[in-house]
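User: Please take a close look at how the helices of this protein pack against one another, with attention to the aromatic side chains and to the loop residues involved. A connected account would be preferred to a list.

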Amino acid sequence: MGEWHGTPGPFDIPDVPNYVPRRLKPWLFIFFVLIVQFSGGVYLAAASDMVGTTGLMPEDILMAGYAMLVGMSINFAVMFRLKFRFSNRMGLLICGGALILANFICATTDSVPVLVLTCFVAGWFRMWATFVCNSTIQLWLTPVRDMSIFFCYVYLVVDGVIQLSGICTVYTAFYQQWEYMQWIMIGLLALMMIMVLILVRPVKGPMQIPLLGIDWIGAGLWSVFMLAFTFICVYGNFYDWWDASEIKFATLIGILSLAINLWRASFLHHPYISFTALTNRNVIRATVIYLVFFTLLATEHVFEHSYAAVILGYDETNMIDLNWYVLVGIVVGCAFTYYTFALRKWRYRTMTSIGFGLAALYLAYFYFTIDYGLEKEMLFLPLFIRGAASVIISIVFLTSILQGGMHFFVFPQALTVNGFTGAVMGATFGPALIGEFLRHTVAKNAALLGSVATGANDALAHMPVGEIYGMVQVHALIVSMKEIYGWLLIVAIISLLIIMIGYGPVRPGAIFPKWKTIRKLLKRSVRLYSMAIRQ
C-alpha cells in the first residue's frame, strides 16, 4: 500500500498536552470537525420557516446555502498554504470566531446580499477549520496516507452531518423557532473555542510560510463566476430564464469573469486555477461523471419534497424523518467503499458501474411504484440506495483526482474544480434542468387531462370547478414524475453500459506525500516568488 509515513510509535498530536490521554486526542479533533460541519450559517431545512418570518423567497435561501458551498470550494486552492501559515490553535480560533459572527448575521438579517456574502465567507472558514482538523488526524486514519481510505472518512462525516443537520434544524424549528439552530451553534462554537484555548497548544512548524504568491484576484474572479452560475440555476425558473434582464446580466458577468480568468491563466506563473488543472484528464472525466450522475439524482431536490408534501400529505417532521433512510445509505455506502475500493482496491470501472447501477435502481423503483398511497416505509429502499450511490461516486472520483499524475501544486487547484463541479454544479445544474423539464411536462399533461375531464360531463357535473382543477393538477404531477423517472432511467442505463464498455482497468493508488515534503515545496515556491518580486 505504500511506505509508512508516520512517526515511530503510537500516533500522537503534539498540539494537545500530554495530560489528555493519547487515545482521546484524535477524537477531540473529530468533535471539533463535527461542530464546524454543523455550523452552516443558513440551514436549508428551515427554508419554509425562514420564508414565513423574513419575507425572503425560497430561491434567496437556496442561493445563500449554495454560496456557502462556493466558499468552501474556492478555499481548496489555498488550504495547504493556510495550514503552514497558522498553527492549528490559531486556525481553529479564527474560524470559530468567524463562524459565530456568520451564524449571528444569518439569524438577524433579511437582506439577500448580506445573507449570500455572509454564507460565502462562512463557507471559506468552514472549509479551513475542517481541513485543520482532518489533516491533523490523517496519519491516525491511514498511516500510509492512502487517500482512498481518508476520503471514506471525509464523506462519512460531511454527508452524514448534512442529513443530521437537516433533522436537527426541522425539529428545532418545530419545537421552538428556526433561529434557535443558529443560537445553539453559536454556543457550540464558543464551547469549541474554549476547549481549543485550554486543550490545544500553539505549536508552530520550523517555518511559518507567508501567504505570498497567491493569485487573490483570480480567487475573486473564480468566486464571481461560480456565484453567477449558481444564480442562473437557482433563479432561472423564477425569472423565466433569459427573458429576464437579471439572468442576462448574471450570464454576462459569469462569462466575463471566466474569460478574464482564462486569459490571466495564460501568462501568470501561479494562477489561482491553472490550465493544467482544468485540462487534466481525470478532472474532465470527474466533471462529466458528476454532471450526468447528479442530474440523474436531481429528482431528490425537484420531486421528493413535492411528492411527499403534495401527494402523500406529509408535514415537515415526517418529511425530514426520511433523512434517516438516506443517512443509513451513506453509512453503508462509505463502509462498502472502504472495504472494496480502499482496502481491496477494486477498479474504478467496477465502483463507477456500481454507483450508476444503484442510481438506475433508485430511478426504476420510483418509476414502477410512485402512486397516491405509497407507505412511508416503502421509501426506505430508494432513499437508502440514493445515499449509498452518491457517496460511492464522490469518494471514487475524488480519489481519482489525486491519482491524475499532476504536480502537487496543481492538486489543490483540481480540488477546487472538483468541489465546484461535484458540490455546487451537482446541486444546482441538475435540479434546474429537471425542474424546467417538469414544468413543461406538467403543463402538457395537465392540458391533456383537462380536456379529458371536460369531456366527462356526466361524472363531474356536480363537482366544484376548483376541486376538478386540483384533481387534474395532482394527477398531472404524478404522471409527469413517472414520465421523467422513465427518461432518466433510460439515460442511467445507457451511461452504465458506456462505463462498463469504455472505462479502463485502473485500480486506486492515491498516496499522499509527506507533510515535510509539502512544506519544502511550498517554501521553495515562496522563495522563488520573493526573488522574482525583488528583481
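Analyst: The account below begins with the overall make-up and then turns to helix packing, aromatic pairs and individual residues.

The model is a predicted one. Its secondary structure consists of 21 helices and 0 strands. Of the 535 residues in the protein, 55% are buried. Among contacts with a separation of 6 or more, 85% join residues that lie 24 or more positions apart.

Two helix pairs may be examined in turn. Two packed helices are described by the angle between their axes and the distance between the axes. For helix α13 (residues 281-296) and helix α16 (residues 348-369), the axes come within 10 Å and cross at roughly 25°. Since angles under 35 degrees count as roughly parallel, α13 is therefore roughly parallel to α16. The crossing in which α13 passes α16 is left-handed. On the α13 side the contact is formed by Ile-289, Val-292, Phe-293 and Leu-296, and on the α16 side by Gly-355, Phe-356, Ala-359 and Leu-363. By class, the residues of this contact comprise 7 nonpolar, 1 polar and no charged. Gly is among the residues that count as polar, and Gly-355 is one of the α16 residues in the contact.

Phe-293 and Phe-356 also belong to one aromatic cluster, together with Tyr-290, Phe-294 and Phe-397. The helix contact and the aromatic cluster thus have Phe-293 and Phe-356 in common.

The second pair is α1 with helix α9 (residues 179-199), whose axes are 10 Å apart and which pack at an angle of about 150°. Angles over 145 degrees count as roughly antiparallel, so α1 is roughly antiparallel to α9. As with the preceding pair, a handedness can be given: the crossing of α1 and α9 is left-handed. From α1 the contact draws on Leu-28, Phe-31, Phe-32, Ile-35, Val-36 and Phe-38. These meet Met-181, Met-185, Leu-188, Leu-189, Leu-191, Met-192, Met-195, Val-196 and Leu-199 in α9. The residues of this contact divide into 15 nonpolar, no polar and no charged.

Attention now passes to the aromatic rings. The structure holds 32 aromatic pairs. A pair of aromatic rings is described by the distance of the centres and the angle of the planes. In the pair formed by Trp-27 and Trp-140, the centres are 5.4 Å apart and the planes stand at 75°, an edge-to-face arrangement. This pair links distant parts of the chain, 113 residues apart, with Trp-27 in helix α1 (residues 25-38) and Trp-140 in helix α7 (residues 138-141). Trp-140 has 29% relative accessibility and counts as partly exposed.

Phe-336 and Trp-346 form another edge-to-face pair, with 5.9 Å centre to centre and 85° between the planes. Phe-336 belongs to helix α15 (residues 316-343), whereas Trp-346 lies in the loop between α15 and α16, 10 residues apart. Phe-336 is partly exposed at a relative accessible area of 31%, and Trp-346 is likewise partly exposed at 29%.

The loop that holds Trp-346 also contains Lys-345, which lies between α15 and α16. Phi of Lys-345 is near 60°, a positive value in a residue other than glycine. At 16% relative accessibility Lys-345 counts as buried, because the limit for that class is under 20%. A positive phi near 60° is also found at Asp-240, again a residue other than glycine. Asp-240 sits in the loop between α10 (216-235) and α11 (245-265) and is partly exposed, with a relative accessible area of 35%.

Two residues in the helices on either side of the α15-α16 loop complete the picture. In helix α15, Leu-343 is partly exposed at 36% relative accessibility. Its C-alpha atom is separated by 8.4 Å from that of Ser-148, although the two residues are 195 residues apart along the chain. With neighbours within four places in sequence left aside, Leu-343 is in contact with Ile-149 and Tyr-338. In helix α16, Ser-353 is buried, with a relative accessible area of 15%. Not counting residues up to four places away in sequence, Ser-353 touches Leu-496, Ile-499 and Met-500.

Note on methods
Residues are numbered from 1 along each chain as its sequence is written. This is a predicted model: local features need pLDDT of at least 70, side-chain atom pairs count only at pLDDT 80 or more; totals for chains, interfaces and linings use all residues. Side-chain values use heavy atoms; hydrogens and water are left out. Axes are lines fitted to C-alpha atoms, for helices over the stretch in contact, and angles run from 0 to 180 degrees between N-to-C directions. Helices (H or I, at least four residues) and strands (E, at least two) are DSSP runs, numbered from the N terminus. Angles under 35 degrees count as roughly parallel, over 145 as roughly antiparallel, 65 to 115 as roughly perpendicular and the rest as oblique. A crossing is left-handed if the near helix is turned anticlockwise from the far one by less than a right angle, and right-handed if clockwise. Contact means heavy atoms within 4.5 Å. Rings of Phe, Tyr and Trp (its six-membered ring) pair if their centres lie within 6.5 Å; planes under 30 degrees apart count as stacked, over 60 as edge-to-face and the rest as tilted. Buried means under 20% relative accessible area, exposed over 50%, partly exposed in between (1.4 Å probe, protein chains only).
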